Structures are given as structure tokens and as C-alpha cells.
Amino acid sequence: MFSVLRTPKVGRVWSGQLVSMIGDGVYTVTVSLYLLPRADAAQALGSLLAATALGSIATLIVGGAVADRVRRSLVICVADLLRILGVVALLLAGPDAHIGVLVALGVVFGCGAGIHRPAYTALIAQLAGREKRREASALRSATSRFTGIVGPVVGGAVAAASLPRWGLLINILTFVFSLATLARLDEPHVRGDEDKKEERAGILREAQDGLRYVRRRKWMLGVMLQGTAQAALVIAPMAVILPLVMGGRGPVALSLVTSATACGALAASLTASRIRARQPGAVAMLALMCELPQIVAVAVDAPTVLVVAFSALTGAGASVFAVLWGAALQERTPDAMLGRVYALDALLTQALMPLCMAAAGLLLSVLSTSAIAAVAACALPVTVVAVLRIPGVMTLGGATEGKGTDEAVSAKPADLA
């Protein structure tokens, strides 16, 4: 996996994003502590996080189109500047800022996150080259898991040693470091001279082209829609139930479950790039079933040690899927279309999450946690089995690209649309 870092440009971009993502973890912890002294802390933090999520969702598709239209490093720089603006404004407004101000700042921060994700994912794949894209996918996944562990720890330590505002300042500095690694980056162009007529097309038109590209590949659209269903019926309710159940057993139990999930994901990310299977889609989708033991354990109120062990399995399965799925998208999608395809994948996964998490919270007033977990346990295998019946899913498009993968990969965006 780390062999991809031998490409100097990949190592340069990755180092900046590693630091930036650690800063994101610091922000997650310190922004909560920053607003905690307020009398309406729960409402303030909830409003800020909801606005951030909505801003991210609203800009994903357009962000993907922009990432396929201009230099991707420039898009990441704009995303970093937006997030710097949001954090600086939050510091200036103070922890007692009006709810409306927090919502506005959350939208700004979310917009930065929304345009960053497809640009960064596409840039790493582009710089790595097609022969190293599986390794690049594994590296990106492992980095996300690693920073998800380290960032919150650093944020908690900084807040405990000083004040939460220092954590927010550290977050700003990590964005500055990211900007420095991207300055004057010589990245290859994804468009040729014959594509100049496409430059005159509007951003929304290019976003529609990305949607048409995915829609014509049933295996790709099927897996994305499976992600939508799983996020709505499994991930969202479990994101509400798990903290309630494990938090009721004490902070140590909740932290052990969270850490076990992250550690399992990190361990799998380090090895998943070595998986070679004739039917990678079957392996990827069955890996998602690793979440089932955790759900059942929560539903039957199993001992904490079992929930922790199954949480590590959940994280590992999610990472195996992420690596194989990410590699398939990179291998089957032309460079000039990567940003839009990644954006659509992220959008379909995240679009229903805020609504379904809110719905799960409301249902808990009339249903038990065991009942909701039981529904999630039934929904997971149904969504996995259903998508496996779609042609091309078992091989993740390996035999569905018309005249062959190489031709599909080299095709021009105008032809693919």
C-alpha cells in the first residue's frame, strides 16, 4: 500500500491531507467543548453540525463537476480556504454566538468539505496512475481511519491542557500546511484539446453528464443505491442506538466500541489492497455483512466484550468494501469523470443520513432500541443480496464495460455521456 508514496507528487499531497485530516479530528472534539459552556449547548452544537452536513451534501455534485473541470489541487485549496474562513469566524464570534450565526458558519464549513472530498479522491487516483489505484484507494482509506483515531485524541489532549479555542487554532494551521503542500503542484491535465468544447458547457450540464455516466452502468448505480439503502436503514439508526446503549454502560464502554471500530478499519485498510479475487464485488458486498454481528449483539444486549469484538469486525468489513469499491470506481472511470462519479457516490450515501438519524431519534420514543436494531439486522442482508443480482456487481464492472475495460477507461467524457 505504501509503495504508492514513492511517487513524489502523491507523497506530497498525501502528507498535506494527512495533517489536514488530523486537524478535522481535532475540530470535531474541540468545537463541542468550545460550545459546551452555553446554556443551550445541545441546540447550538446540533445546529452547527446539521448545517455543516447540509452544506456538504448540497455542494457534493457541483464540487465533483468542478473537480473534473479545473485543477483539482486548486479546488482543494478553495475548500481549505472556506474551512479556514469558517473556523476563524467561529473564533471571532465566540462560543456565545447566535444560533443563526452558527448555522451560517456551519454551511460555510460544510461547503468546503463538500467540494474537498471528490477533488482529493480524484487527485490521489490521478497522480497514482492506473497501475497503482488499488494501493491508492487502500492508502486513502487507511489514512481516514488513522486520522479518525489520532485527531480526536489530539483534540481532547489540547482541550484538557489549555482551552478548546487552541484546538480550533491548530485546525486552522493544519489547513495552512495543506495549502503549502499544494502550492505550484504540477498535476496532469485531465482534458485534451479535443475536449475544449466541453469547457463551454455549464457546471450543471457536466454534473448531469456524470449522472448519465453512472446511470448507464447498472452495476455502479446498483452499488450506490445499495449504499443509500444501507445508510438509511442500518447505518443511521445504529449511529443513534449504539451511543445510547453503550453510553448507558459508561464512557469506557462507549470509547472501547468506538476505538475498536476504528482499529479494525485501520487494520483491514493496511491489507485490503492485496486482495485479488475473480469476483471482487462478491467479496466487497459480503464484507458489509461483517456489521451484522454487532447489530445482533446490540439487539440482544450482549456483554460489552462481545460488542467491542464485533465492532472491530464491523470496521474491518467496512474498510474492505471501501478499498475494493474505491479501486473499482478508479479503474472503470475515466480521469476526466472521476470527480463527478465520486461526488455522486458520496451524495447517495449521505443524502438520507440526517433525516434517518432524526427519524431514529423519534422512533425511540415509541420503540425499544432492540426493535430498531432488529429492523437494521433484517435490512442489511436484504440490501446486500438484492444488489448481488444486478449484472456486473459480482465483478464490479469487470465484464460489463462494453468492448473492454481499457477502451472504456480511455473513452472521452463526451462519448461516455
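Trainee: In this predicted model, which residue does D40 meet in a salt bridge, and at what N to O distance?

Mentor: The side chain of D40 pairs with an arginine side chain in a salt bridge, and D40 itself is partly exposed, with a relative accessible area of 27%. The partner counts as buried at 9% relative accessibility. The residue asked for is R38, and the N to O distance is 3.0 Å.

Trainee: Which residues are joined into one network by salt bridges that share partners?

Mentor: One member pair of side chains is D24 with R83, which meet in a salt bridge at 3.8 Å, N to O. Salt bridges that share partners bring D80 into the network as well, so the full set of names is D24, D80 and R83.

Trainee: Where along the chain do D24 and R83 lie, and how many residues apart are they?

Mentor: The salt bridge between D24 and R83 links distant parts of the chain, with D24 placed in helix α1 and R83 in helix α3, which covers residues 72–93. The separation between the two is 59 residues.

Trainee: Is R83 buried or exposed?

Mentor: Its partner D24 has 23% relative accessibility and counts as partly exposed. For R83 the relative accessible area is 4%, and because the term buried applies under 20%, the class for R83 is buried.

Trainee: How many residues apart are D186 and K9?

Mentor: D186 and K9 form a salt bridge in which the closest N and O atoms are 4.0 Å apart. D186 sits in the loop between α6 (164–182) and α7 (196–199), while K9 belongs to helix α1 (residues 8–35), so that the pair links distant parts of the chain. The separation is 177 residues.

Trainee: Which class of accessibility does K9 fall into?

Mentor: D186, on the other side of that salt bridge, is exposed, with a relative accessible area of 55%. K9 has 31% relative accessibility, and because this value lies between the 20% and 50% limits, the class for K9 is partly exposed.

Trainee: How many salt bridges does a search of the whole structure find?

Mentor: The pairs discussed above include D40 with R38 and D186 with K9. The search of the whole structure gives a total of five.

Trainee: Which backbone oxygen does the side chain of T52 reach, and at what distance?

Mentor: T52 is found in helix α2 (residues 41–67) and counts as buried at 17% relative accessibility. Not counting residues up to four places away in sequence, T52 touches G106, V107, F109 and G110. The backbone oxygen reached by the T52 side chain is that of L48, at 2.8 Å.

How values were computed: Residues are numbered from 1 along each chain as its sequence is written. This is a predicted model: local features need pLDDT of at least 70, side-chain atom pairs count only at pLDDT 80 or more; totals for chains, interfaces and linings use all residues. Side-chain values use heavy atoms; hydrogens and water are left out. Helices (H or I, at least four residues) and strands (E, at least two) are DSSP runs, numbered from the N terminus. Buried means under 20% relative accessible area, exposed over 50%, partly exposed in between (1.4 Å probe, protein chains only). A polar contact is a pair of N or O atoms within 3.5 Å; within protein, one must be able to donate a hydrogen and the other to accept it, and residues adjacent in sequence count only if both atoms are side-chain atoms. Contact means heavy atoms within 4.5 Å.
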